[in-house]
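The following exercises introduce a structure through worked solutions. Please attempt each task before reading its solution.

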Amino acid sequence: MYVKKTFNNNVLLADNNGHEVVLIGKGLGFQKKVGQVIDESAVDKMYTPTEDRWLTLFDELINDISPQYFEIASQIIKVAEKKLNTKFNAYLLIAITDHIHFAVQRTRDQIVIRNELLWEIQHFYPTEYAVGQEALQMIDQLFGIQLADDEAGFIALKFVENRTSSQYRTDKGAQMTKLLSDIITIVQYQLQTHLDEDSMSYQRFLVHLRFFVERITGSKKVNTSEETDDVLYTHVFKKYPQAFNCTQKITQFVKSTLNKNVSLNEQVYVTIHIQRIINEMSQQS
């Protein structure tokens, strides 16, 4: 293998027999130049994408945030694979990296999102949750910022989703896929745009929507009386009126089609994701 591009001392893009791969390892990229042979003994983790789209998403994300987020995400995935005795696909690196960056930024901005599935995660996915808690310690050591326990649950869900993506082939999966499609249609209509499926904001939104849809289509009763941060809800309502209005359309649709309510906390999170799409649209115009 030889170097194609160095991102920092620990992350680089390499050519492996004609295929592009992302390598992560301590000191792997130190003083390395394009074309140099790579010391494979220094490679801690190699990500081999099976689709060109993965590299596009990786390149887009690493241009937006520090490679340190990829390093910590890779370390967390390595721990998860060992403790869960499984292998995850390469897309998990992007999902975990993006989520950690988003969580750190939100925490620094003092915006806390409650995880409405935290109890279920702790009880039904205890090993995944334990890895999530360990991930918070690793993040604190690297960035000096302590994330809420809710984030351990969110990270745990990334592992669950990556292992259970085949669920979308079941009958329930067909219902969930239809609901996903309907919600995306609502967003596109309300924003008067066609969402770019290859964009990072779309991928971020889709990941959250999958859990949102899985929760509201589940057999368990949704607790909509859970304590809500009214200050945060009001802040989001006032600051992001267009995104908030779009969320209200989604909420009304869910109520009319499934007879289920969407909690205020969930409305806040959906609104924030829609706002990210709006921000990306404004940057491109």
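Two strands are said to pair if DSSP finds at least two bridges between them. The model examined here is a predicted one.

**Exercise 1. Strand pairing**

Task: Determine in which sense strand 2 and strand 3 pair, and which residue of strand 3 stands opposite Leu13.

Solution:
1. Strand 2 covers residues 11-16 and strand 3 covers residues 19-24. Six bridges join strand 2 and strand 3, and the sense is antiparallel.
2. Within this pairing, the residue of strand 3 opposite Leu13 is Val22.
3. Strand 2 and strand 3 form a hairpin with two residues between the strands. In this hairpin Asn17 adopts a positive phi near 55°.
4. Strand 3 also pairs with strand 4 (residues 45-47), in the antiparallel sense and over three bridges. Here Ile24 has Lys45 in strand 4 as its bridge partner.

**Exercise 2. Two helices in contact**

Task: Classify the arrangement of helix 3 and helix 11 as roughly parallel, roughly antiparallel, roughly perpendicular or oblique.

Solution:
1. Two packed helices are described by the angle and the distance between their axes.
2. For helix 3 (residues 91-108) and helix 11 (residues 264-284), the axes come within 14 Å and cross at roughly 105°.
3. Angles of 65 to 115 degrees count as roughly perpendicular. Helix 3 and helix 11 are therefore roughly perpendicular to each other.
4. On the side of helix 3, the contact involves Asp98, His99, Phe102 and Arg106; helix 11 contributes Tyr269, Ile272, His273 and Arg276.
5. The residues of this contact comprise three nonpolar, two polar and three charged ones.

**Exercise 3. The nonpolar cores**

Task: Identify the residues that touch the most other members of the largest nonpolar core, and the helix that supplies its largest share.

Solution:
1. The largest nonpolar core has 49 residues, and Trp54, Ile100, Ile139 and Phe159 touch the most other members.
2. Helix 2 (residues 68-84) supplies the largest share of this core, with nine residues.
3. Leaving aside residues up to four places away in sequence, Phe159 touches several residues, including Ile76, Ala80, Leu84 and Glu128.
4. Another core, of 36 residues, lies apart from it; among its members are Ile183, Phe205, Val236 and Val254.

**Exercise 4. The setting of Gln175**

Task: Decide whether Gln175 is buried, partly exposed or exposed.

Solution:
1. Gln175 belongs to helix 7 (residues 171-191).
2. Buried means under 20% relative accessible area and exposed over 50%. The relative accessible area of Gln175 is 39%, so Gln175 is partly exposed.
3. Gln175 touches Thr217 and Leu258, not counting residues up to four places away in sequence.
4. From Gln175 to Glu214 the separation is 39 residues in sequence and 9.8 Å in space, C-alpha to C-alpha.

Methods:
Residues numbered from 1 in each chain as written. Predicted model: local features only at pLDDT ≥ 70, side-chain atom pairs only at ≥ 80, totals over all residues. Heavy atoms only, no water. Helix = DSSP H or I, 4+ residues; strand = E, 2+ residues; numbered from the N terminus. Axes fitted to C-alpha atoms, helices over the stretch in contact; angles between N-to-C directions. Parallel < 35°, antiparallel > 145°, perpendicular 65-115°, else oblique. Contact = heavy atoms within 4.5 Å. Nonpolar A, V, L, I, M, F, W, Y, C, P; charged D, E, K, R; others polar. Core = buried A, V, L, I, M, F, W, Y, C linked by side-chain atoms within 4.5 Å. Buried < 20%, exposed > 50% of the residue type's maximum accessible area, 1.4 Å probe, protein only.
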